[in-house]
Amino acid sequence: MEIIYELIQKNPKYFAWAFGLVNVLWGMFIYFNKQSHDKKMEKLKYSLRLKLEENLPLMKKLSELEELAGEAKEIVTSHKAKQLKREEFSSIYKKLDQLAGHFSKHPRLMQSIRDLNQYGAIMVQNDPHDPCRDDVLNFYKTLIIESENIKRNITA
């Protein structure tokens with residue numbers, strides 16, 4: 001440590017300039033690093049905004065699908081009169097059929113929508129104690145699982 005102190009004492013102007021130059025270079029590095037960081041942050045924000053705008057409609061449709069599927073399951077597994085079940089299920093049947101077409105890029109989800117819809121239609125036509133009740137519940141669970149898988153893939 002004494003060697004360094006003696007060296008600086010012999011040439012104080014030289015080391016003052018060296019210290020100043022190092023600080024200027026350090027300041028320039030910080031400035032340009034901040035500029036680069038800001039540009040990267042803007043690109044990231046832009047790409048995330050684009051991703052959100054692309055995936056928001058899909059997320060809304062998935063939420064709508066889950067709500068409709070829940071309503072359909074409750075209607076067809078309820079112990080209401082057949083005529084009342086038919087009336088309530090008919091509008092949901094059409095909406096679920098349309099949503100199945102919207103999810104053609106996701107064949108497993110689309111198939112679970114169609115299966116739920118088909119077995120739901122069978123349930124509102126037949127005896128409420130039909131063995132299709134378990135199938136409807138299984139297809140509903142499959143639909144929810146597939147919907148959650150798609151949501152996870154979107155957010156990943």
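This briefing describes the fold, the nonpolar core and four individual residues of a single chain.

The model is a predicted one, and its secondary structure amounts to five helices with zero strands. Read from the N terminus, the order of elements is α-α-α-α-α; the radius of gyration is 32 Å, well over the 15 Å that the globule rule gives for 156 residues, so the chain is more spread out than a compact globule.

**Overall dimensions and surface**

- Measured out along the principal axes, the C-alpha trace of the chain spans about 105 × 30 × 25 Å.
- Of the 156 residues in the chain, 28% count as buried, while the area that the chain exposes comes to about 11,500 Å², with carbon and sulfur atoms supplying 60% of it.
- Among the contacts in the chain with a separation of 6 or more, 68% are accounted for by residues 24 or more positions apart.
- On the side of charge, the chain carries 25 positive and 21 negative side chains, and the centres of these two sets lie 7 Å apart.

**The largest nonpolar core**

- The largest nonpolar core consists of 26 residues, and those with the most contacts inside it are L65, L96, F103, L109, I113, L116 and L143.
- At least two residues of this core come from each of the helices α2 (12–77), α3 (82–102), α4 (107–125) and α5 (132–155).
- L109, which is listed among the residues with the most contacts inside the core, is in contact with L62, L65, F103, L143, E146, S147 and I150 once its neighbours within four places in sequence are left aside.

**Buried residues of helix α4**

- S112 is found in helix α4, where a relative accessible area of 3% places this residue below the 20% limit, so S112 counts as buried.
- With its neighbours within four places in sequence left aside, S112 is in contact with F139, T142 and L143, and L143 is also one of the contacts of L109.
- V124 likewise lies in helix α4 and is buried, with a relative accessible area of 3%.
- Not counting residues up to four places away in sequence, V124 touches V76, K82, K85, R86 and F89.
- For the pair V124 and F89, a separation of 35 residues in sequence goes with a C-alpha to C-alpha distance of 7.7 Å in space.

**A partly exposed residue of helix α4**

- Y119 also has its place in helix α4, but its relative accessible area is 24%, and this residue is therefore partly exposed, since buried means under 20% and exposed over 50%.
- The residues that Y119 touches, not counting those up to four places away in sequence, are C132, D135, V136 and F139.
- Y119 and T155 are 36 residues apart along the chain, and their C-alpha atoms are separated by 32 Å.

**A buried residue of helix α2**

- T77 is found in helix α2, and with a relative accessible area of 15% this residue is buried, because the value falls under 20%.
- Leaving aside neighbours within four places in sequence, T77 is in contact with R133, V136 and L137; V136 is touched by Y119 as well.

Key:
Residues are numbered from 1 along each chain as its sequence is written. This is a predicted model: local features need pLDDT of at least 70, side-chain atom pairs count only at pLDDT 80 or more; totals for chains, interfaces and linings use all residues. Side-chain values use heavy atoms; hydrogens and water are left out. A nonpolar core is a set of buried Ala, Val, Leu, Ile, Met, Phe, Trp, Tyr and Cys residues joined through side-chain atoms within 4.5 Å. Buried means under 20% relative accessible area, exposed over 50%, partly exposed in between (1.4 Å probe, protein chains only). Helices (H or I, at least four residues) and strands (E, at least two) are DSSP runs, numbered from the N terminus. Contact means heavy atoms within 4.5 Å. The radius of gyration is taken over C-alpha atoms; the globule rule is 2.2 Å times the number of residues to the power 0.38. Accessible areas come from the Shrake-Rupley method with a 1.4 Å probe; for residues, only the protein chains shown count as cover. Lys and Arg count as positive and Asp and Glu as negative; His and the chain ends are not counted. The place of a charge is taken as NZ of Lys, CZ of Arg, CG of Asp or CD of Glu.
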